[in-house]
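User: Could you take one helix of this protein and walk me through it closely? I'd like to know how it sits among its neighbours.

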Amino acid sequence: MSAEGEETEAPEAEGAMRETAETEQEAARAAKEGDQGRQEAAAAAAGRMPEHFYFREGFTELPLWECLERILPRKRVLAEEGWEVLQIHVQDIGRLPRENWPYGNNSFVLHGYFQYRYLILARRKRAQAKKFQSGYQYILGVPGIFKPQEKFMASMFGLPEFKRAAGNRKEDFGFWCGTLQM
């Protein structure tokens, strides 16, 4: 490559760095002024989530559930009362905290997902939270039919609990559930 080619690439790189710096300055100005709409737009332009998405010391819960609630469909699929349920896809597991990512590569989860084309993410208030424990219990549910062989396989892959689906179905349809760390 000639020296001329190198000179033309340098101004482009400087321009991209200048745009990134300007976007970050814009986000800082919006945060300072309290304009949440501008703050979210500036963060999106910089390829980041809005500031309120990130954990800050002193808050008891991450606002992750509220963010997911805005973009994922709510479902009423569990027969058991008290659960808030969102329908998710395998790629949405990447939106969860890193401790839960192994579910995205779990053979049982993938098998259930490719058979039914969805998974569920559910939460309910805990009756009594222990120290350092969130006020909610979170689970990942994989659609399936209750059979002894399936129970054994689900347990082997970290989804030991079966929750029946709401509605009148002839088969024992429900969700194999595993606990999530949130």
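Analyst: Happy to; here is a close look at helix 4, with a little context beforehand.

This is a predicted model, in which local features need pLDDT of at least 70, side-chain atom pairs count only at pLDDT 80 or more, and totals for chains, interfaces and linings use all residues. Residues are numbered from 1 along each chain as its sequence is written, and side-chain values use heavy atoms, with hydrogens and water left out.

The protein chain holds 5 helices and 6 strands, where helices (H or I, at least four residues) and strands (E, at least two) are DSSP runs numbered from the N terminus. Of its 182 residues, 34% count as buried, meaning under 20% relative accessible area, while exposed means over 50% and partly exposed lies in between (1.4 Å probe, protein chains only).

Helix 4 covers residues 107–116, and its buried residues are F108, V109, G112 and Y113. Looking down the axis of helix 4, these fall within an arc of 130 degrees, so they line one face of the helix; the arc is taken from the directions from the helix axis to the C-beta atoms. An α-helix has 3.6 residues a turn, so residues three or four places apart point the same way. On the other side of helix 4, F114 and Q115 are exposed.

What does the buried face meet? The buried residues of helix 4 pack against strand 2 (84–88), strand 3 (119–125), strand 4 (136–145), helix 5 (148–156) and strand 6 (173–179), with contact meaning heavy atoms within 4.5 Å.

The two ends are worth a look too. At the start of helix 4, a side-chain oxygen of N106 comes within 2.9 Å of the backbone nitrogen of F108. After helix 4 comes R117, with a positive phi near 70 degrees.

Technical notes. A polar contact is a pair of N or O atoms within 3.5 Å; within protein, one must be able to donate a hydrogen and the other to accept it, and residues adjacent in sequence count only if both atoms are side-chain atoms.
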